[in-house]
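Trainee: Could you walk me through this one slowly? I'd like to start with the aromatic rings and then move on to the strands.

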Amino acid sequence: MRSAALLLTAVCLLLLAVPANAVICTIDDVPGATLLLPYFEVDLANPNGVTTLFSINNASATAVLAHVVVWSDLSVPVLDFNVYLTGYDVQSINLRDILNGTLPQTASDGQDPTDTISPQGQFSQDVNFASCQGQLPIGALPASFVTHLKTSLTGQFSSLLGGCAGLAYGDNLARGYVTVDTVNNCTLRFPGDLGYFAAGGTGDATNQNVLWGDYFYVSSATNRADGETLVHIEASATNPETSATGQYTFYGRYVGWTAVDNREPLATRFAVRFLNGGPFSGGTNLITWRDSKVRQGAFKCGTTPAWYPLGQEQLEIFDEQERMVTVQAFPVSPQPSGEGIIPFPAEAQSVTVGGPAFPVPFRLGWLYLDLNTTVTPAGNVPPEDPAAAQAWIEVVMSALGRFSVGFDAIKLDSACAVSHVPIGPLPR
């Protein structure tokens, strides 16, 4: 009996040491090859205002490199850098620090021979990535680059880009989203650059499903703190849904829809509860990331990209007695000006349910959100389904100054297999 118990214990420990695998095309909280922070905010005017923190964690004993890209809310890449992780390592990042020019300090064994920057743990591998010589550890960003970050993420002119990168709200909040990929080597290439992805994870990016993480919005000025897990995106070079040319993959727009990135796509339709009263006096916010399916670069200030604003196929608002209001929706982008409700026009945003961008007639209820849309230019679409459009929604319900909760919206499908059949009344 004792030997059987010891064997069971050994098996359990072995299972704990191996990262969990999940089903491709089912986005769940298991280690992935890519992490997505769907939206961030940093108040540049108030050091005690809102900021966004996130972590990058290594679920394996093997040392890995992670490549971080900061994107504007209209999906223009404005910064990238590398993070070295020993086995089972964790790196926390405050985006306020990034926007002040301070990047995380990590280094592989070759750049850290005294083991003081990225110390090796008892269970952890620590190796040398020769490609990181001169790139890790990272020094402070020059003042001109800090200015570029702050202007490009607030919708102002960036001299480095020669144009604008995001929406100008005029509130001095930096907005955007972040991706993190496992990589073979230190690189300063973006996901759309030649060589970043190659067959079977042999480019800069790898298919190591070992990353996991979380994020928080924190504001001491308003006593606000909300948190959630990052979006965990798995890679597979053997599953047809993530390896066959023409399939919709997470980075599909950056690889010409060849699926060479091997990343599973997100969902397109969601169910979301909202509470605008009772204990949750602060209401409900929807943290939303969307795929414009366009490889976006800087654009002329005072204008917006051709695909903006993003449309949707169907929006339904229900109260708790199943009474329903249909929102006029347009399955194409850009949406017709001045018509209908366009609650999620950008690639990354936080939208208040019941606010000016998304008015609802009920205090309590739920939303059916079909965010599929066809974009302009029409030629840049996933061949398997031109109208499919992956997205992600997370829900934050708050009682201002007291407490808040955050969780994923319910995913009703996957962009691997999209249905465009609308929900509607049943025959009587």
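Mentor: Let us begin with a definition: rings of Phe, Tyr and Trp, the last by its six-membered ring, form a pair if their centres lie within 6.5 Å. Please keep in mind that this is a predicted model.

Trainee: Okay, so which residues do ring pairs link into a cluster?

Mentor: The cluster is made up of Trp-71, Tyr-177, Tyr-196, Phe-197, Phe-250, Tyr-251, Tyr-254 and Trp-289.

Trainee: And how many aromatic pairs are there in the whole structure?

Mentor: The search finds 14 of them. One is formed by Trp-71 and Tyr-254, a tilted pair with 5.5 Å from centre to centre and 40° between the planes. Trp-71 belongs to strand β3, while Tyr-254 sits in the loop between β10 and β11, so this pair ties together parts that are 183 residues apart in sequence.

Trainee: Are those two buried or exposed?

Mentor: Trp-71 and Tyr-254 are both buried.

Trainee: What about Trp-307 and Tyr-308, how are their planes set?

Mentor: Their planes stand at 70° with the ring centres 6.1 Å apart, and planes over 60 degrees apart count as edge-to-face, so that is what this pair is called.

Trainee: Switching to strands, what is the order in the open sheet of four?

Mentor: The order is β15-β12-β17-β18, with antiparallel pairing. β15 and β18 stand at the edges and have a single partner strand each, so one side of each is left without a neighbour in the sheet.

Trainee: How many bridges join β17 and β18?

Mentor: There are six bridges between them, and Ala-399 stands opposite Phe-403 in β18.

How values were computed: Residues are numbered from 1 along each chain as its sequence is written. This is a predicted model: local features need pLDDT of at least 70, side-chain atom pairs count only at pLDDT 80 or more; totals for chains, interfaces and linings use all residues. Side-chain values use heavy atoms; hydrogens and water are left out. Rings of Phe, Tyr and Trp (its six-membered ring) pair if their centres lie within 6.5 Å; planes under 30 degrees apart count as stacked, over 60 as edge-to-face and the rest as tilted. Helices (H or I, at least four residues) and strands (E, at least two) are DSSP runs, numbered from the N terminus. Buried means under 20% relative accessible area, exposed over 50%, partly exposed in between (1.4 Å probe, protein chains only). Two strands pair if DSSP finds at least two bridges between them.
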